[in-house]
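Biologist: Before we rely on any of the labels attached to this model, could you take me through the reasoning behind them, setting each value against its criterion?

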Amino acid sequence: IRIAISGVGNCASALLQGFSYYGQSPVRRNGHRSAGLLHPVVGGYAPSDIRVVAAFDVDTRKVGRPLEAACLAEPNCTTQFLKRLPHFGVRVRMGPVLDGVAPHMRRYPASETFVVAKARPVYVAKTLKHSGAEMLLNYLPVGSQRATEAYAEACLDARVSLINCIPVFIASDPRWAARFTKRGLPLVGDDVKGQVG
């Protein structure tokens, strides 16, 4: 399963650590590797079947860096439960900022906020096509409506499915849902944490 990630923050870091941990050895239904997974195998796929092929962010401490380093960089503060992440072979690309950095975040120290990179955003649809991504997981900050819409548009252009993991209305918007349906692309969301856990 070839995935791309938009927003290499705490949620993405936990996900990367999780499927790396569970993918280290064969998944067993009653063994220690399946502890914490409600369904260790879904549709014949296990965590070891997931491959990250592209990642996007806007923070200078993440853009241009290997994904395994970027997902642990400030301002991320999630628990690091996997001591060593595998080499994903992916460098984080500069995404569009739009409304992805809220104005109130400027009042926080650099270690607790986003520091926007002085880089030109990549053409997301082209990057998705070139990477061979099958789906994009959107982990942008909550409230990033325009930025999320830009990634959704890129998914449509690149013929890539979208899992919108944040509470920004895309899958629940009939216009967006119809556009993905017309292209024959799965669209899941909005707010995976609230809906799935």
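Modeller: This is a predicted model, and the structure holds three aromatic pairs.

Biologist: Why is the pair formed by Tyr21 and Tyr22 called edge-to-face?

Modeller: The ring centres of Tyr21 and Tyr22 are 5.0 Å apart, and rings pair if their centres lie within 6.5 Å. Their planes stand at 80°, and planes over 60 degrees apart count as edge-to-face, so the pair made by Tyr21 and Tyr22 is edge-to-face.

Biologist: What makes Tyr21 partly exposed, and why does Tyr22 count as buried?

Modeller: Buried means under 20% relative accessible area, and partly exposed lies between that and the 50% above which a residue is exposed. Tyr21 has 23% relative accessibility and therefore counts as partly exposed, whereas Tyr22, at 13%, counts as buried.

Biologist: How do you know that Ser13 is buried or exposed, and where is Ser13 placed?

Modeller: Ser13 belongs to helix α1, which spans residues 10-22, and its relative accessibility is 0%, so Ser13 counts as buried.

Biologist: What does the side chain of Ser13 reach, and with which residues is Ser13 in contact beyond its neighbours within four places in sequence?

Modeller: The side chain of Ser13 reaches the backbone oxygen of Cys71 at 3.0 Å, and a polar contact requires a pair of N or O atoms within 3.5 Å. With neighbours within four places in sequence left aside, Ser13 is in contact with Cys71, Leu72, Asn76 and Thr78.

Biologist: Which side-chain oxygen reaches a backbone nitrogen at the start of helix α5?

Modeller: Helix α5 covers residues 174-183, and at its start a side-chain oxygen of Asp173 comes to within 2.8 Å of the backbone nitrogen of Arg175. Just after α5, Gly184 takes a positive phi of about 70°.

Biologist: What makes a positive phi worth noting in Leu98 and in Arg159?

Modeller: Most residues other than glycine have a negative phi, so a positive value in such a residue goes against the usual sign. Phi of Leu98 is near 45°, and Leu98 sits in the loop between β3 and α3. Phi of Arg159 is near 60°, and Arg159 lies in the loop between α4 (145-158) and β5 (161-164).

Biologist: Why do Leu98 and Arg159 count as partly exposed?

Modeller: The class runs between the cut-offs of 20% and 50%. Leu98 has 40% relative accessibility and so counts as partly exposed, and Arg159, with a relative accessible area of 48%, is therefore partly exposed.

Biologist: Which peptide bond is cis before Pro75, and which is cis before Asp190?

Modeller: A cis peptide bond joins Glu74 and Pro75, with omega about 5°, and Pro75 is in the loop between α2 (67-70) and β3. The bond from Gly189 to Asp190 is also cis, omega being near 0°, and Asp190 is in the loop between β6 (187-188) and α6 (192-195). Most peptide bonds are trans.

Biologist: How do you know whether Gly95 is buried or exposed, and what does Gly95 touch?

Modeller: Gly95 has a relative accessible area of 0%, so it is buried, and its place is in the loop between β3 (93-94) and α3 (124-131). Apart from neighbours within four places in sequence, Gly95 is in contact with Phe56, Asp57, Val58, Pro121 and Tyr151. The C-alpha atoms of Gly95 and Ala119, which are 24 residues apart along the chain, are separated by 9.1 Å.

Biologist: Why is Leu140 counted as buried, and which residues does Leu140 touch?

Modeller: At 12% relative accessibility, Leu140 counts as buried, because the cut-off is 20%. Leu140 is found in the loop between β4 (135-138) and α4, and, not counting residues up to four places away in sequence, Leu140 touches Ser6, Gly7, Ala147, Thr148, Tyr151 and Ile166.

Biologist: How do the residues lining the second largest pocket divide, and which elements each supply at least two of them?

Modeller: That lining divides into six nonpolar, five polar and one charged, and α1 and β2 (51-57) each supply at least two of its residues. Among the lining residues are Phe19, Pro47, Arg51 and His87, and about 200 Å³ of space lies in the second largest pocket.

Definitions and conventions
Residues are numbered from 1 along each chain as its sequence is written. Side-chain values use heavy atoms; hydrogens and water are left out. Helices (H or I, at least four residues) and strands (E, at least two) are DSSP runs, numbered from the N terminus. Buried means under 20% relative accessible area, exposed over 50%, partly exposed in between (1.4 Å probe, protein chains only). A polar contact is a pair of N or O atoms within 3.5 Å; within protein, one must be able to donate a hydrogen and the other to accept it, and residues adjacent in sequence count only if both atoms are side-chain atoms. Contact means heavy atoms within 4.5 Å. Rings of Phe, Tyr and Trp (its six-membered ring) pair if their centres lie within 6.5 Å; planes under 30 degrees apart count as stacked, over 60 as edge-to-face and the rest as tilted. On a 1 Å grid over the protein atoms alone, a cavity is a set of points where a 1.4 Å probe fits but cannot get out, and a pocket is an open set with protein on both sides within 12 Å along at least five of seven lines; lining residues have an atom within 4 Å of a point. Grid points are joined across faces, edges and corners, and a volume is the space filled by probe spheres set on the points. Ala, Val, Leu, Ile, Met, Phe, Trp, Tyr, Cys and Pro count as nonpolar, Asp, Glu, Lys and Arg as charged, and the others, Gly among them, as polar.
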